[in-house]
Amino acid sequence: MIKINLLPRERVRRAPVAPRMLAIAAGAAALAVIVIATLVLNARIHGLQADLERVNAEIERLRPVVAEVEALQRRIAEARQKEQLIQQLEALRIPWDEILVELRQIVPQDVWLIRVEARPDGNLTFNGYGLSYEALARFMVSLDNSAMFEGADLNIAQKQSQGGRDVVNFSVSAKLVPVRKEAANR
């Protein structure tokens with residue numbers, strides 16, 4: 001049997017789109033979105049890999065420079081340790097040249113020294129002879145008045161005969177006053 005539709009075209013009902021067609025269209029759209037997303041992500045991955053390769057190449061290029069900087073830092077640390085050691089040794093150094101110049105100025109004419117000794121506690125011991133106890137007293141006062149020595153203390157003093165003359169054999173200790181670098185540079 002043949003069907004003929006006599007209704008005007010405006011009133012003709014169109015056949016509904018099959019649900020399968022909608023599902024296929026939705027699946028195709030989803031597949032297209034997945035393919036496009038995969039392509040975009042792959043492009044980003046390749047870009048990131050290229051960046052990673054550039055960074056790794058830069059790291060390899062800078063590796064010798066870093067090694068040189070680390071070696072320089074070690075040398076600087078060693079130099080600082082040596083500088084500290086030198087400063088410690090300099091602080092422990094006894095300025096014998098300055099001591100002898102000062103002693104030349106403060107030792108009275110009737111006193112002569114035969115030995116000057118530095119002790120581990122930082123004190124100096126002066127051994128010598130004087131023509132009298134008064135000469136020894138002047139020497140001790142001169143030591144106390146000096147800017148280089150302080151706390152002169154008589155350890156021993158005894159009268160002896162040397163070459164037919166009476167003299168006083170003595171041992172005096174005094175503390176060496178540390179010379180400040182600012183004062184020494186003036």
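Which residues form one aromatic cluster in this structure? They are Phe-126, Phe-139, Phe-149 and Phe-170, and we will come back to them once the fold around them is in place. Please keep in mind along the way that this is a predicted model.

Let's start with the overall layout. The protein chain has four helices and four strands, and from the N terminus its elements follow the order α-α-β-β-α-β-β-α. Of its 186 residues, 19% count as buried. If you look at contacts with a separation of 6 or more, 56% of them are between residues 24 or more positions apart.

Now turn to the sheet. Its four strands are arranged in the order β1-β2-β4-β3, the sheet is open, and the pairing is antiparallel. Because β1 and β3 stand at the edges with a single partner strand each, one side of each has no neighbour in the sheet. On average, neighbouring strands are turned by 20 degrees against each other, with direction ignored. As a reminder, strands in a sheet pair through backbone hydrogen bonds.

We can walk across this sheet from one edge. Strand β1, residues 111–118, runs antiparallel to β2 and is joined to it by seven bridges. One place to look is Val-116, whose bridge partner in β2 is Phe-126, a member of the aromatic cluster. The hairpin of β1 and β2 has four residues between the strands, and there Gly-122 adopts a positive phi near 95 degrees.

At the other edge, β3 and β4 are also antiparallel, with 11 bridges between them. Here Gln-162 faces Arg-165 in β4. Further along this pair of strands you can find Glu-150, which sits in β3. The C-alpha atoms of Glu-150 and Lys-175 are 5.3 Å apart in space, although the two residues are 25 apart in sequence. Beyond its neighbours within four places in sequence, Glu-150 is in contact with Asp-144, Ala-174, Lys-175 and Val-177. With a relative accessibility of 40%, Glu-150 counts as partly exposed.

Ser-171, in strand β4, offers a contrasting case. Is Ser-171 buried or exposed? At 11% relative accessibility it falls under the 20% limit, so Ser-171 counts as buried. Its side chain makes a polar contact of 3.0 Å with the side chain of Asn-127. Leaving aside neighbours within four places in sequence, the contacts of Ser-171 include Thr-125, Phe-126 and Asn-127, along with Asp-153, Leu-154, Asn-155 and Ile-156.

Next, add the helices that lie across this sheet. Helix α2 lies across β1, β2, β3 and β4, and its direction makes an angle of about 155 degrees with β1. Helix α3 lies across β1, β2, β3 and β4 as well, running at about 165 degrees to β3.

With sheet and helices in view, we can look at the nonpolar core. The largest one has 19 residues, and those with the most contacts inside it are Leu-103, Phe-126, Phe-139, Leu-143 and Phe-149. At least two residues of this core come from each of α2 (96–106), β2 (123–130), α3 (133–145), β3 (149–162) and β4 (165–176). Phe-149 shows how these parts meet: outside its neighbours within four places in sequence, its contacts include Ile-99, Leu-103, Ile-106, Leu-124, Phe-126, Leu-143 and Ala-174.

That brings us back to the aromatic rings, of which the structure holds four pairs. The ring centres of Phe-126 and Phe-149 are 5.6 Å apart and their planes meet at 85 degrees, so this pair is edge-to-face. It links distant parts of the chain, with Phe-126 in strand β2 and Phe-149 in strand β3, 23 residues apart. Phe-126 is buried, at a relative accessible area of 0%, and Phe-149 is buried too, at 1%. Another pair, Phe-139 and Phe-170, is tilted, with 5.8 Å from centre to centre and 50 degrees between the planes. Since Phe-139 belongs to helix α3 and Phe-170 to strand β4, this pair ties together parts that are 31 residues apart in sequence. Both Phe-139 and Phe-170 are buried.

Conventions. Residues are numbered from 1 along each chain as its sequence is written. This is a predicted model: local features need pLDDT of at least 70, side-chain atom pairs count only at pLDDT 80 or more; totals for chains, interfaces and linings use all residues. Side-chain values use heavy atoms; hydrogens and water are left out. A nonpolar core is a set of buried Ala, Val, Leu, Ile, Met, Phe, Trp, Tyr and Cys residues joined through side-chain atoms within 4.5 Å. Buried means under 20% relative accessible area, exposed over 50%, partly exposed in between (1.4 Å probe, protein chains only). Contact means heavy atoms within 4.5 Å. Two strands pair if DSSP finds at least two bridges between them. A polar contact is a pair of N or O atoms within 3.5 Å; within protein, one must be able to donate a hydrogen and the other to accept it, and residues adjacent in sequence count only if both atoms are side-chain atoms. Axes are lines fitted to C-alpha atoms, for helices over the stretch in contact, and angles run from 0 to 180 degrees between N-to-C directions. Rings of Phe, Tyr and Trp (its six-membered ring) pair if their centres lie within 6.5 Å; planes under 30 degrees apart count as stacked, over 60 as edge-to-face and the rest as tilted.
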